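Colleague: I have a protein model open and I would like to learn how to read it. Could you take me through some features, one at a time?

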Amino acid sequence: MRQRTAFTITGVMAAVLMWAATAGAASLEPEGEARSGDMIGALRHVVADHEDTLLDLARANSLGYVEMIAANRGIDPWVPGESTTVVLPTAHILPEAERQGLVVNLAEHRLYYFGPPGTEPVTFPLGVGREGWSTPLGSTEIVRKKERPTWFPPESIRAKKPDLPKVVPPGPHNPLGSHALYFGWPTYLIHGTNRPWGIGRRVSHGCIRLYPEDIARLYEIVPVGTPVQVISQAIKIGWYDGELYVEAHPEAGQADELESTGKIESADAHSRADALYRITSLAGADRDRLDWHLIRKAFEERSGIPVQVTVDRTEPSA
């Protein structure tokens, strides 16, 4: 894949986002400054080469597979097509959690690291546990770190794969990859991978995996003792530049549906009800500015793209 230039849309407005994803020739500008407040990053677009896949473009831009196909409905993930404009969903509302240490959002397939005061948070896509192998929710901390980790397959995995050795040394066949950060919870950790195309998907046995290049960076900046919060927020809400935004990702079953069919037809009434309460609470005095049509559309589409849901209700003077 040739090196190419990505572009940033500086205003993350709902109508512009959806139009640009389908029309292609939007008014694109070079990458802007980092966002502040409840949103980081900026939505970008890239023009695909004939040999590109969405997996290639995802890894080149530190994105996961499901978030790429969610933001690019109708584009063949294996053959996007030369000159096709592809959305890079690189604008992220920060999760609703204490902004310190590591915040792992399983529903979003994404990790956030809040470093020392005055530093910008950083984020990486994740591979997370599949059905029956879920990562637990709650709070823990990083208790140790290891380069070139050795893998000791749990008995639960060896029961399903009896040919697995009891010990897998460092190397290309080790699924932990090149670096590992261990939780206070036994058997759970953040690690690299020897199968990078699983990033942004529900494929692991409960551990959290990153691209090889991302785990190497995270390993360097995260010290032992860093607090860890593991949450699951498919719908995130936050303020940016005086406007309220909603960022809706597929729920676990919807993510599996999207991977297998390219569509999301099922609904999750519980997550919607919870999100509606959070939206009205966070809107506060601006509740009358909420556009419920845009909110419902964000819930239905689950594109993972921040959508502005407050509008100007001011009537023009006579």
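**Reading the model step by step**

Modeller: Gladly! Let's start at a small detail: just after α8, Arg-302 takes a positive phi of about 50 degrees. Keep in mind that this is a predicted model.

Colleague: Thanks! Before more details, how many helices and strands does the protein have?

Modeller: The protein has eight helices and 18 strands. It is 318 residues long, and 52% of them count as buried.

Colleague: What share of the contacts with a separation of 6 or more joins residues 24 or more positions apart?

Modeller: That share is 67%. As for the outside, the protein exposes about 15100 Å², with carbon and sulfur atoms supplying 53% of that area.

Colleague: Now a helix, please. Which residues of α5 are buried?

Modeller: Helix α5 covers residues 212-221, and its buried residues are Asp-214, Ile-215, Leu-218 and Tyr-219. They sit on the same side of α5, because they cover an arc of only 135 degrees around the axis.

Colleague: And what covers the buried residues of α5?

Modeller: Several strands take part, including β6 (101-105), β7 (110-114), β8 (122-125), β10 (138-147), β11 (179-183) and β12 (189-191).

Colleague: Let's go back to α8. Which residues are buried there?

Modeller: In α8 they are Leu-294, Ile-295, Ala-298 and Phe-299. These buried residues fall within an arc of 140 degrees when you look down the axis, so they line one face of the helix. Have a look at the start of α8 too: a side-chain oxygen of Asp-291 comes to within 3.1 Å of the backbone nitrogen of His-293.

Colleague: What about the loop leading into α8?

Modeller: Arg-289 is in that loop, between α7 (269-283) and α8. With a relative accessibility of 17%, Arg-289 counts as buried, because the cut-off is under 20%. Beyond its neighbours within four places in sequence, Arg-289 is in contact with Gly-242, Glu-243, Val-309, Thr-310, Val-311 and Arg-313.

Colleague: Next, charged residues. What is the general idea?

Modeller: Side chains of opposite charge can pair when their charged atoms come close. In this protein the count comes to 10 salt bridges. One of them joins Arg-99 and Asp-38, at 2.7 Å from N to O. This pair links distant parts of the chain, 61 residues apart: Arg-99 is in the loop between β5 (91-93) and β6, while Asp-38 is in the loop between α1 (14-23) and β2 (39-41).

Colleague: Are Arg-99 and Asp-38 buried or exposed?

Modeller: Arg-99 is partly exposed, with a relative accessible area of 41%. Asp-38 is buried, at 18%.

Colleague: Which residue forms a salt bridge with Lys-236?

Modeller: Its partner is Glu-247, and the closest N and O atoms of the two are 3.2 Å apart. Lys-236 belongs to strand β16 (residues 235-240) and Glu-247 to strand β17 (residues 243-248), with their positions 11 residues apart. Both Lys-236 and Glu-247 are buried.

Colleague: And where does Arg-302, the residue you began with, fit in?

Modeller: Arg-302 forms a salt bridge with Glu-251, with 3.5 Å between the closest N and O atoms. Glu-251 lies in the loop between β17 and α6 (252-261), and Arg-302 in the loop between α8 (292-301) and β18 (307-308), so the pair ties together parts 51 residues apart in sequence. Glu-251 and Arg-302 are both buried. Elsewhere, salt bridges that share partners join Glu-96, Asp-274 and Arg-278 into one network.

How values were computed. Residues are numbered from 1 along each chain as its sequence is written. This is a predicted model: local features need pLDDT of at least 70, side-chain atom pairs count only at pLDDT 80 or more; totals for chains, interfaces and linings use all residues. Side-chain values use heavy atoms; hydrogens and water are left out. Helices (H or I, at least four residues) and strands (E, at least two) are DSSP runs, numbered from the N terminus. Buried means under 20% relative accessible area, exposed over 50%, partly exposed in between (1.4 Å probe, protein chains only). Contact means heavy atoms within 4.5 Å. Accessible areas come from the Shrake-Rupley method with a 1.4 Å probe; for residues, only the protein chains shown count as cover. The arc is that of the directions from the helix axis to the C-beta atoms. A salt bridge is a side-chain nitrogen of Lys or Arg within 4 Å of a carboxyl oxygen of Asp or Glu. A polar contact is a pair of N or O atoms within 3.5 Å; within protein, one must be able to donate a hydrogen and the other to accept it, and residues adjacent in sequence count only if both atoms are side-chain atoms.
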